[in-house]
Amino acid sequence: MKLLHLLCFVVSVHLAFTSFMGYEPWMNQQNIKVLPDIPVAVYNVSLNDPPKTRWNGLIQSFGPAKAKQLLDTVLQRIFPKEVRPIIDLITSRLDDYIAQPFADELRGLAEIMEADLGDIVFANLMYEMTAGCTSIVVQDPQGNIFHARNLDFPFNDVLRNGTVIINFQDQQKTVYSAVTYIAYIGILTGQRPNGFTITVDEREEGVRILSGLIALVDRKASPISFLTREVLEQQNNFESAVKQLTDRDLVAPCYIIVGGISPGEGVVITRNRLVPSDVWRMNQTDYKWFILETNYDHWNTPPTWDDRRDAAIKALNMVGQANISPKTLYQALSVNLVLNSGTTYTALTSAGHPEIFSAWVRQIQ
């Protein structure tokens with residue numbers, strides 16, 4: 001009966017989120033004022049610590065009260081009362097819906113932040129609802145691969161204050177790194193040194209929150225940010241990462257962009273929830289030296305009100321492969337439309353040159 005209860009509430013969830021869909025309400029692409037960027041603070045999380053306590057050090061350093069205030073502010077804007085019964089049901093049987101170690105990490109975050117577990121769970125599923133992104137993988141004339149992204153979100157004024165870089169470590173050695181948000185245990189921007197890099201872009205297809213909550217009932221499905229973290233932890237090369245990201249069931253459609261360390265290692269995986277819709281590699285593009293994704297299928301024309309794709313392509317062609325570098329790639333992500341009022345951060349990654357892994361909060365008015 002509890003499972004039936006969960007599914008019956010899906011209709012009310014759809015109605016609650018109807019006004020929350022789309023980019024128009026929060027992505028202003030004209031007449032923006034750009035203030036100086038702020039480097040993102042770096043923290044370490046030890047994978048040797050038990051899942052329930054491994055986030056304690058980060059939260060204590062950041063400030064538990066500050067972290068909870070940011071969480072509460074976000075939830076006040078996006079957590080309709082119609083959703084609460086569903087989240088309460090999920091949290092009452094958390095291990096049935098969320099795999100380990102993530103379930104215990106969520107419990108640990110709730111304890112250290114003195115927050116409601118349901119609030120923590122909902123915040124960690126919010127990416128399945130809405131986001132805007134631009135991800136680019138480029139290859140310079142020497143065959144070096146660089147991977148960069150802008151991550152755009154509604155309520156970005158709050159998330160900019162909670163943006164962090166995390167080094168996930170084993171015996172004090174970094175296994176993989178991420179740019180993420182405080183109290184968000186999944187990864188949307190990640191790097192495994194000398195292996196591969198990953199960014200995730202939201203895909204506009206169907207009712208995302210509707211399909212996402214239904215998919216949680218399927219224990220084989222994974223939130224994409226959890227799967228990304230698994231892949232960064234378990235795989236050590238480009239092709240094995242691409243395979244795992246292509247094969248696993250997800251709770252929502254998305255685009256997964258992967259960069260490697262060898263020439264030609266760049267791919268956009270267009271994912272349906274259960275199967276890949278398309279796997280598009282850098283050498284299949286018209287340009288051969290770069291591949292990019294925003295939030296629309298690459299074989300379709302983006303809408304006129306959100307043509308970040310063509311703006312980014314124009315910027316890259318103006319730079320040219322001969323002049324591409326982390327600096328000029330960052331500049332391409334800073335042109336109008338690509339950089340917009342919803343942008344929370346810009347990140348630069350390179351598995352072949354892991355020392356450049358960095359991110360900046362974009363201050364935009």
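How many residues of helix α12 (residues 238-247) are buried? That was my opening lookup, on what is a predicted model. I got 7 of its 10 residues, so I noted the helix as mostly covered, with buried meaning under 20% relative accessible area.

**Entry: α12 and its cap**

I listed the buried residues of α12 by name: Phe238, Ser240, Ala241, Val242, Gln244, Leu245 and Thr246. Then I asked what covers them. The cover includes helix α11 and the strands β8 (196-202), β9 (254-259), β10 (266-271) and β11 (276-281).

I also checked the N-terminal end of α12. Asn237 caps it, with a side-chain oxygen 3.3 Å from the backbone nitrogen of Glu239.

**Entry: α11**

Since α11 turned up in the cover of α12, I looked at it next. It spans residues 224-234 and is mostly covered, with 9 of its 11 residues buried. I wrote these down as Ile224, Ser225, Phe226, Leu227, Thr228, Arg229, Glu230, Val231 and Leu232. Charged side chains are on that list too, namely Arg229 and Glu230.

**Entry: β9 and its partners**

How many residues of β9 are buried? I found 6 of the 6, so the strand is largely enclosed by the rest of the structure. I sorted its residues by direction. Cys254, Ile256 and Val258 point one way, Tyr255, Ile257 and Gly259 point the other way, and all are buried.

β9 pairs with β8 in the antiparallel sense over 6 bridges. As a register marker I kept Thr197, whose bridge partner in β9 is Gly259. β9 also runs antiparallel to β10, and 6 bridges join these two. Here my marker was Tyr255, with Thr270 as its bridge partner in β10.

The hairpin of β9 and β10 has 6 residues between the strands. In it I picked out Gly264, which takes a positive phi near 85°.

**Entry: cysteines**

How many disulfides does the model have? I counted 0. The cut-off behind that count is a pair of cysteine sulfur atoms within 2.5 Å. While there, I checked burial for two cysteines. Cys133 has 0% relative accessibility and so counts as buried. Cys254, already met in β9, has a relative accessible area of 1%, so it is buried as well.

**Entry: the open sheet**

I traced an open sheet of 6 strands, in the order β1-β14-β13-β4-β3-β12, with antiparallel pairing. Which strands stand at the edges? They are β1 (38-39) and β12 (290-293), each with a single partner strand, so one side of each has no neighbour in the sheet.

For β1, the partner is β14 (residues 358-361), paired in the antiparallel sense over 2 bridges. Ile38 stands opposite Val361 in β14. Helix α13 (residues 308-319) packs on this sheet and touches β3 (132-139), β4 (145-152) and β12. I noted about 155° between the directions of α13 and β12.

**Entry: Pro302**

Between β12 and α13 there is a loop, and Pro302 is found in it. Is this proline buried or exposed? It comes out buried, because its relative accessibility is 7%. Setting aside neighbours within four places in sequence, I found Pro302 in contact with Tyr296, Asp307 and Arg309.

**Entry: backbone oddities**

Last, I went through the backbone angles. My reminder to self was that most residues other than glycine have a negative phi, and most peptide bonds are trans.

The peptide bond from Gln100 to Pro101 is cis, with omega near 5°. Pro101 is found in the loop between α6 (94-97) and α7 (102-113).

Ala183 has a positive phi, near 70°, without being a glycine. It lies in the loop between β6 (173-181) and β7 (189-192). Ala183 is buried, because its relative accessible area is 9%.

Asn194 has a positive phi too, about 60°, and is not a glycine either. Its place is the loop between β7 and β8. Is Asn194 buried or exposed? I have Asn194 down as exposed, because its relative accessibility is 52%.

Notes. Residues numbered from 1 in each chain as written. Predicted model: local features only at pLDDT ≥ 70, side-chain atom pairs only at ≥ 80, totals over all residues. Heavy atoms only, no water. Buried < 20%, exposed > 50% of the residue type's maximum accessible area, 1.4 Å probe, protein only. Helix = DSSP H or I, 4+ residues; strand = E, 2+ residues; numbered from the N terminus. Contact = heavy atoms within 4.5 Å. Polar contact = N/O pair within 3.5 Å; in protein donor to acceptor, adjacent residues only side chain to side chain. Pairing = 2+ DSSP bridges. Axes fitted to C-alpha atoms, helices over the stretch in contact; angles between N-to-C directions.
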